[in-house]
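Student: Could you walk me through this protein, one question at a time? I'd like to know what to look for.

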Amino acid sequence: GSIIMVNCIENDQNKSITCLREAGTGLLIAREKENCMFDLIDEISELLYISDPETYELLYLNKPGQEMFGVSDISGKKCYRVLQGKDAPCEFCTNGKLSQDKFYVWYHSNPIAHRHYLVKDKLISWQGKMARMEVALDVTDKEKQRLKLENALETEDLILSCVKILHEMRHINEAVGCIMERIGTALDADRVYIFEIAGEQMSNTYEWCAPSVIPQMENLKNM
């Protein structure tokens, strides 16, 4: 009977050792997979970070993000401080809009990087708890092109409206006044001048002023 008991004890010990070995092997494999995943993330050009949505503590920042924001050690650092240069959580923080089901997509101009980003946020499981993951794609060049096209279209509309005013109005003085108002409003200007040159002198002959701006036309004669 004692021999059987010893065998049982030895078998249980062997099983425990085998389980520990298997668990250790599984842990090593998991760590290798995690390291491989981080290596892949560091190779992408997009910025990616993971943070605690409750404490705002940075949990991970990929290599492109570290290089962009000039940081290598993120231990104990807050996302709003490192990524936005703020002393408190961002007023535009999207934590309250995030879920595990889908990405929340938005655009943001970063004050530190001076770049414009297409941002995708989502909640993920990170080391046993919920965390915020953000991926930021640099779209600065596309944004500049969009603004350039938008400005060109606005300028074209402004020119067409001025031509229309000149065509429809009979009195030139009234037409010029309307055009100056249109230009001043479009450019958010305080005033718009027209000077006429006679010989070596020039005088302000037309002036448009925004509300609460004091006219100066009478002081700009025979200059």
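Tutor: Sure, let's begin with a definition: helices (H or I, at least four residues) and strands (E, at least two) are DSSP runs, numbered from the N terminus. Keep in mind that this is a predicted model, where local features need pLDDT of at least 70 and side-chain atom pairs count only at pLDDT 80 or more, while totals for chains, interfaces and linings use all residues. Residues are numbered from 1 along each chain as its sequence is written, and side-chain values use heavy atoms, with hydrogens and water left out.

Student: Okay, how many helices and strands does the protein have, and in what pattern do they follow each other?

Tutor: The count comes to 5 helices and 7 strands. Going along the sequence, you read them as α-β-β-α-α-β-β-β-α-α-β-β.

Student: Which strands stand at the edges of the open sheet?

Tutor: Two strands count as paired if DSSP finds at least two bridges between them. The open sheet has 5 strands with antiparallel pairing, in the order β2-β1-β5-β4-β3. An edge strand has a single partner, so one side of it is left without a neighbour in the sheet, and that is the case for β2 (58–61) and β3 (104–110).

Student: And which residue in β2 is the bridge partner of I50?

Tutor: Strands of a sheet pair through backbone hydrogen bonds, either parallel or antiparallel. Here β1 (residues 47–51) pairs with β2 in the antiparallel sense, over 3 bridges. In β2, the bridge partner of I50 is Y60.

Student: Is P53 buried, exposed or partly exposed?

Tutor: P53 is found in the loop between β1 and β2. Buried means under 20% relative accessible area, exposed means over 50%, and partly exposed is in between (1.4 Å probe, protein chains only). P53 has 21% relative accessibility, so P53 counts as partly exposed.

Student: What does P53 touch, leaving out residues up to four places away in sequence?

Tutor: A contact means heavy atoms within 4.5 Å. By that rule, P53 touches N95, M130, A131 and R132.

Student: R132 again! Which residues are joined with R132 into one salt-bridge network?

Tutor: A salt bridge is a side-chain nitrogen of Lys or Arg within 4 Å of a carboxyl oxygen of Asp or Glu. D121 and R132 form one, with their closest N and O atoms 2.9 Å apart. D121 lies in β4 (residues 115–126) and R132 in β5 (residues 129–138), so the pair ties together parts that are 11 residues apart in sequence. Salt bridges with shared partners join R132 into one network with D121 and E134.

Student: Are D121 and R132 buried or exposed?

Tutor: Use the relative accessible area again, with under 20% as the mark to look for. Both D121 and R132 are buried.

Student: How far apart are the closest N and O atoms of D87 and R81?

Tutor: D87 is exposed, with a relative accessible area of 64%, while R81 is partly exposed at 44%. Their side chains form a salt bridge, and the closest N and O atoms are apart by 1.9 Å.

Student: Which residue meets E91 in a salt bridge?

Tutor: E91 is exposed, at a relative accessible area of 64%. Its partner is partly exposed at 25%. The N to O distance is 3.6 Å, and the partner of E91 is K86.

Student: Which strand gives the most to the nonpolar patch?

Tutor: Patches are made of residues with over 30% relative accessible area and no salt bridge; like charges are joined within 9 Å, nonpolar side chains (Val, Leu, Ile, Met, Phe, Trp, Tyr) within 5 Å. Y193, F195, I197, M202 and M223 form this one, with about 460 Å² of accessible area together (Shrake-Rupley method, 1.4 Å probe, only the protein chains shown counting as cover for residues). I197, for one, is exposed at 67%. With 3 residues (the strand spans 191–198), the most comes from strand β6.

Student: What is the phi of Q127?

Tutor: Q127 is found in the loop between β4 and β5, and its 68% relative accessibility makes it exposed. It is not a glycine, although its phi is positive, at about 50°.
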